[in-house]
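Q: Please walk me through the spaces and the backbone of a structure. Where do we start?

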Amino acid sequence: MTTDPTRITLRRPDDWHVHLRDGDMLAAVAPYTARQFARAIVMPNLDPPVTNVAAALAYRDRILAALPAGADFTPLMTCYLTDEAEPRVLADGFECGAFAAAKLYPAHATTNSAYGVTAIRNIHPALEEMERIGMPLLIHGEVTDPEVDIFDREKAFIDRIFSGLVRDFPGLKTVFEHITTAEAADFVTASGPNLAATITPHHLAINRNAMFAGGIRPHAYCLPVAKREAHRLAVRRAATSGSPQFFLGTDSAPHAVARKEAACGCAGIFSAPFAIESYARTFEEEGALDRLEAFASENGPHFYGLPLNEGSITLERAEVEVPESLSAGGSSLVPFHAGETLGWRLVGGAAEI
Ligand code: DOR
Ligand code: ZN
């Protein structure tokens, strides 16, 4: 990696958590991810969800077909865990390369999670098999108990479920996805090298006030919901600490504008278009640009046991105006940072098309 006041060149990064959707939306959003990232862990929360090898391979083909000609991008597919998850299906899918990991959504925690897991003991046989074969488990770590305050759902998940899981499956490679709290950052650090966490650009950049700045701001609403400032600062410290347990995962989650700006708006921030620029801004603000490459391009592959990418990307210092909206298959999407000016531009990246 090289940095000077005007240019940063780093090994090509990967996105370890992205929602690419399907159909017209997939065609609209996949190019933004492929332009920056060499690989991405693709979330399986389609409707119906991706729960078997055939569905994962078919979805992978649709993603590849949606890429611009000449794109150099590898989707890494995941299996959506249900109460009926079969150890054999997971093992076969992992061993043939169809699944890079399996995703645990607590039932009703978020978008298309109705088929998710209703009690962790229901998937113990699956987890035993995954631990045995080295297949990573990716967790949306929030309880769904409506009695628990929405801002406490991540912490409650650690206390009620995650601590026991780490104790019962010490050899299971687990990713605590999109962490948002100091408690999660501390829990990951304390649990040792089989537990890692992804961190989104938006949880590094905004706190919960962003959802209520002068009125209700649906484009700042995602799950887990942004927390108070002290948590944002703790998550920034984790991301920029240099610890190999933290790595890049955008959780880019596009929803058409009409589904965001609604009486009951969908959760999700479309962070893909300017993701690497956003991370660069955070790392620069923290005086940690020299640690961006480890976070974006090294820690993830090391955790997953995959090779580092060979290519590189370059960011140059330039004022980049983030559009208020982007068109997407007959609808439009509001990108993260809409209307703001960012200080780094990906050479050959979204801002140049
Ligand atoms: O904000 C979110 N959106 N959080 C999730 O966990 C799911 C995602 C989506 O798929 O829309
Ligand atoms: Zn997600």
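A: We start with a small space: the second largest cavity holds about 30 Å³. On a 1 Å grid over the protein atoms alone, a cavity is a set of points where a 1.4 Å probe fits but cannot get out. Points are joined across faces, edges and corners, and a volume is the space filled by probe spheres set on them. The model is predicted: local features need pLDDT of at least 70, side-chain atom pairs need 80 or more, and totals for chains, interfaces and linings use all residues. Residues are numbered from 1 along each chain as its sequence is written, chains are lettered from A and ligands numbered from 1 in the order written, and side-chain values use heavy atoms, without hydrogens or water.

Q: Which residues line the second largest cavity?

A: A lining residue has an atom within 4 Å of a grid point. Here the lining is Thr180, His203, Ile206, Lys227, His231, Arg232 and Val235. Helix H8 (residues 229-239) gives the largest share, three residues. Helices (H or I, at least four residues) and strands (E, at least two) are DSSP runs, numbered from the N terminus.

Q: How does that lining divide by class?

A: Ala, Val, Leu, Ile, Met, Phe, Trp, Tyr, Cys and Pro count as nonpolar, Asp, Glu, Lys and Arg as charged, and the others, Gly among them, as polar. The second largest cavity has two nonpolar, three polar and two charged lining residues.

Q: How many cavities reach 30 Å³ or more?

A: Two do. The largest has about 130 Å³ of space. Of its 17 lining residues, His19, Thr110, Leu223, Asp251 and Ala253 are the closest to the centre. By class the lining has five nonpolar, nine polar and three charged residues.

Q: What sits in the largest cavity?

A: A molecule sits in a cavity if more than half of its atoms lie within 2 Å of the grid points. Ligand 1 does so here.

Q: Which residues come nearest to ligand 1?

A: A residue counts as near if one of its heavy atoms lies within 4 Å. There are 13 around ligand 1, and Arg21, Asn45, Thr111, Leu223 and His255 come nearest. Four of the shell are nonpolar, seven polar and two charged.

Q: Which polar contacts does the ligand have?

A: Look for pairs of N or O atoms within 3.5 Å. An oxygen atom of ligand 1 is 2.8 Å from a side-chain N or O atom of Arg21. For a polar side-chain atom of Thr111 the distance to a ligand oxygen is 2.9 Å, and for one of Thr110 it is 3.1 Å. The protein covers 99% of the 290 Å² that ligand 1 exposes on its own, by the Shrake-Rupley method with a 1.4 Å probe.

Q: What is the volume of the largest pocket?

A: A pocket is an open set of points with protein on both sides within 12 Å along at least five of seven lines. The largest has a volume of about 400 Å³. It has 21 lining residues, and Arg217, His219, Ala220, Val334 and His337 are closest to its centre. The lining divides into 13 nonpolar, four polar and four charged residues.

Q: Where should I look along the backbone?

A: Most residues other than glycine have a negative phi, and most peptide bonds are trans. Asp47 and Pro48 are joined by a cis bond, omega about 0°. Pro48 is in the loop between strand S4 (39-42) and helix H2 (53-66). Leu223 and Pro224 also share a cis bond, omega about -5°. His108 has a positive phi of about 70° and is not a glycine.

Key:
A polar contact is a pair of N or O atoms within 3.5 Å; within protein, one must be able to donate a hydrogen and the other to accept it, and residues adjacent in sequence count only if both atoms are side-chain atoms.
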